[in-house]
Amino acid sequence: MKRVLTLFLLTLSLLFAENNATTKEIKKPTLSITQKSAMIKEYNSLLANINKELNSNVWYAKYTNFKIYKEFQKELESIEKKLQDLKKKKKKDEKLEEKRKSIINNMHLLDEFKTAPFEDLLNPKISQTAPTIKSPFDIIAAFSYLKVLKSTKELYQNDLMSLSQLILLLKNKKKYLKKLNSVSPSSKYQKELKELDIAIKEVEDSYNSAKNTMELFNKKINDDTLKITNDIKIQVQKLINVAIMIAIILVLSFIFKLIVKKTIIDNERYYMANKFINFTNLILILVILLFSFLENVSYLVTVIGFASAGIAIAMKDLFMSLLGWTVIVFGGSFHVGDRVKVTKEGKSFVGDIVDISFLRMTILEDITYTTLMENHRAGRIIFIPNNYIFTDVLANYTHGKIKTVWDEIDIVITFDSNYQKAVHLVKEIVKKYSKGYTEISRRQLNLLRNQYSLKNINVEPRVYTFIEENGIKIAAWYMTNSYATLTLRSSISASIIEMVNEHDDIQIAYPTQVVNYKKDKNIPSKPIDIKDIGEESLS
């Protein structure tokens with residue numbers, strides 16, 4: 001803005017000076033010394049202002065430095081020619097050598113100006129390569145490129161404006177210099193006017209070529225801008241479509257969850273169904289994103305196929321666990337909340353499944369007969385890899401509709417006890433305490449007839465009698481709650497103990513030994529020393 005104002009003032013002053021000079025010429029064909037001095041002073045002042053503006057113009061600095069470089073180049077060629085002639089004559093000129101070195105050093109300082117000063121305007125370039133927009137992730141790069149195009153266009157227009165200002169300054173300088181030369185003719189002014197004519201012609205030619213180039217360059221920028229903008233619109237539309245599909249999936253999953261919540265009463269099955277819906281949502285969303293944002297999906301699938309073969313060998317257990325998860329979820333053998341027993345390397349763990357993930361089942365260990373007799377501790381979190389269902393034994397105490405299990409209590413009575421009476425009493429006690437679970441078990445097994453081939457569904461308590469080393473063993477089997485076997489076992493055991501205490505003809509057997517003692521007269525009451533026995537007795 002400041003430059004434009006200065007140029008405007010210079011133009012006004014030039015017009016004023018011309019009018020003033022014309023008036024003076026009309027009125028006074030000849031000028032006095034005082035008038036000439038005043039005019040010279042005025043023109044020199046105006047030229048000083050123009051030179052100040054020229055020195056601040058970037059293009060003028062480039063043009064001037066280019067001219068200086070070319071002059072150094074011509075002078076260097078002349079010196080080198082002279083040095084070659086002296087070398088042929090086997091002579092040396094140290095001053096000429098020093099001058100040559102000085103010129104070379106000066107040329108090194110002006111290396112950046114050795115090319116044509118207006119070459120950048122005649123061959124404009126965009127500093128950034130146009131991005132390929134194939135996915136919404138490329139939108140950021142596209143906006144960055146649009147910004148580069150805009151800034152490049154503005155920069156080119158500013159350069160052209162600066163070049164046009166340079167032409168105006170050079171023409172004004174020429175006018176004032178001609179006026180100054182008319183008032184005070186000088187060979188110096190005439191030489192400078194010739195140089196100005198050459199400079200004006202070169203700058204105007206470059207400016208006209210740059211204007212033509214600018215039209216083509218702007219067209220290219222506009223075409224690139226339009227293309228990038230259309231690509232952005234396509235990707236934004238694709239992103240909107242993907243968002244709509246994901247939103248539809250989420251809405252459908254929400255509806256399915258509501259249906260599952262209303263139709264499935266069992267908390268464990270509801271948990272597994274809810275987890276399956278979430279997993280399906282994740283897979284569908286990943287598939288949508290994969291096929292929406294990747295151009296060559298078939299190539300990716302091929303690469304993943306080859307990579308999976310090697311990974312499957314190196315990570316066999318991981319893939320087997322994933323396969324085990326598929327078998328568990330779709331096979332229905334195990335559900336969250338089931339009570340299971342896992343046996344691994346001779347160690348057994350009994351507890352309830354609290355979670356089934358892609359890689360493992362999580363079991364909360366409970367107080368059971370197994371923990372009582374083997375582990376002596378409970379309450380631990382046990383992590384069972386899903387691939388164990390293919391290699392190890394996993395027992396499910398609550399599979400399907402069954403929530404009861406057979407349990408056994410053994411008692412050993414002496415051989416002289418009334419075992420028939422004991423068997424009858426034990427059977428009555430077991431029937432009394434397990435009656436409710438017996439009915440529940442019968443109903444549960446009847447429900448499983450359509451799924452499994454059940455031939456014997458007798459769930460009444462059973463009592464067996466066996467001869468053991470220390471007495472008669474009475475084994476009582478009965479149905480009990482799968483989650484609370486110890487509670488019923490404790491109650492039945494206490495009742496059996498009370499029954500034994502009430503009947504004198506029933507005695508609990510335990511390991512005993514009977515020692516028969518009989519006194520023999522031939523056995524001395526005191527120890528006998530072998531020395532006191534004669535040789536005859538020994539013989």
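Threonine 438 sits in helix α13, which runs over residues 419–447, and I should say at once that what we are looking at is a predicted model. At 3% relative accessibility, threonine 438 counts as buried, because the cut-off for that label is under 20%. If we leave aside the neighbours within four places in sequence, threonine 438 is in contact with Val459, Glu460, Pro461 and Met479.

Staying with this helix, threonine 438 is one of the buried residues of α13, and the list also includes Ala422, Val423, Leu425, Val426, Ile429 and Val430, as well as Ser434, Ser441, Gln444 and Leu445. What covers these buried residues? The cover includes the strands β6 (404–413), β7 (462–467) and β8 (472–481), together with α14 (485–502). Please also look at serine 434, since α13 has a kink of about 65° centred on that residue, and serine 434 is itself among the buried residues of the helix.

Let me turn to a pair of strands. Strand β3, residues 360–365, pairs with β4 in the antiparallel sense, over five bridges, and within that pairing the bridge partner of arginine 360 is proline 385 in β4. Strand β4 itself covers residues 381–385, and along it the side chains alternate: Ile382 and Ile384 point to one face and are buried, whereas Ile381, Phe383 and Pro385 point to the other face and are not buried. In a regular strand such alternation between the two faces of the sheet is what one has.

Now to the surface, and to helix α7, residues 187–263, where isoleucine 240 has its place. Is isoleucine 240 buried or partly exposed? Its relative accessibility is 42%, and therefore isoleucine 240 counts as partly exposed. Isoleucine 240 also contributes to a nonpolar surface patch of about 960 Å², whose other members include Val236, Ile244, Ile248, Val251 and Leu252, and further along Phe254, Ile255, Phe256, Leu258 and Ile259.

Finally, some values for the chain as a whole. The chain has 15 helices and eight strands, and of its 539 residues 32% count as buried. Among the contacts in the chain with a separation of 6 or more, 70% are accounted for by residues 24 or more positions apart. The accessible surface of the chain comes to about 35900 Å², and 58% of that surface belongs to carbon and sulfur atoms.

Definitions and conventions. Residues numbered from 1 in each chain as written. Predicted model: local features only at pLDDT ≥ 70, side-chain atom pairs only at ≥ 80, totals over all residues. Heavy atoms only, no water. Helix = DSSP H or I, 4+ residues; strand = E, 2+ residues; numbered from the N terminus. Buried < 20%, exposed > 50% of the residue type's maximum accessible area, 1.4 Å probe, protein only. Contact = heavy atoms within 4.5 Å. Pairing = 2+ DSSP bridges. Patch = residues over 30% accessible without salt bridge, like charges linked within 9 Å, V, L, I, M, F, W, Y side chains within 5 Å. Areas by Shrake-Rupley, 256 points an atom, 1.4 Å probe, with all protein chains shown as cover. Salt bridge = Lys/Arg side-chain N within 4 Å of Asp/Glu carboxyl O. Bend = angle between axes of the 7 residues up to and from the residue.
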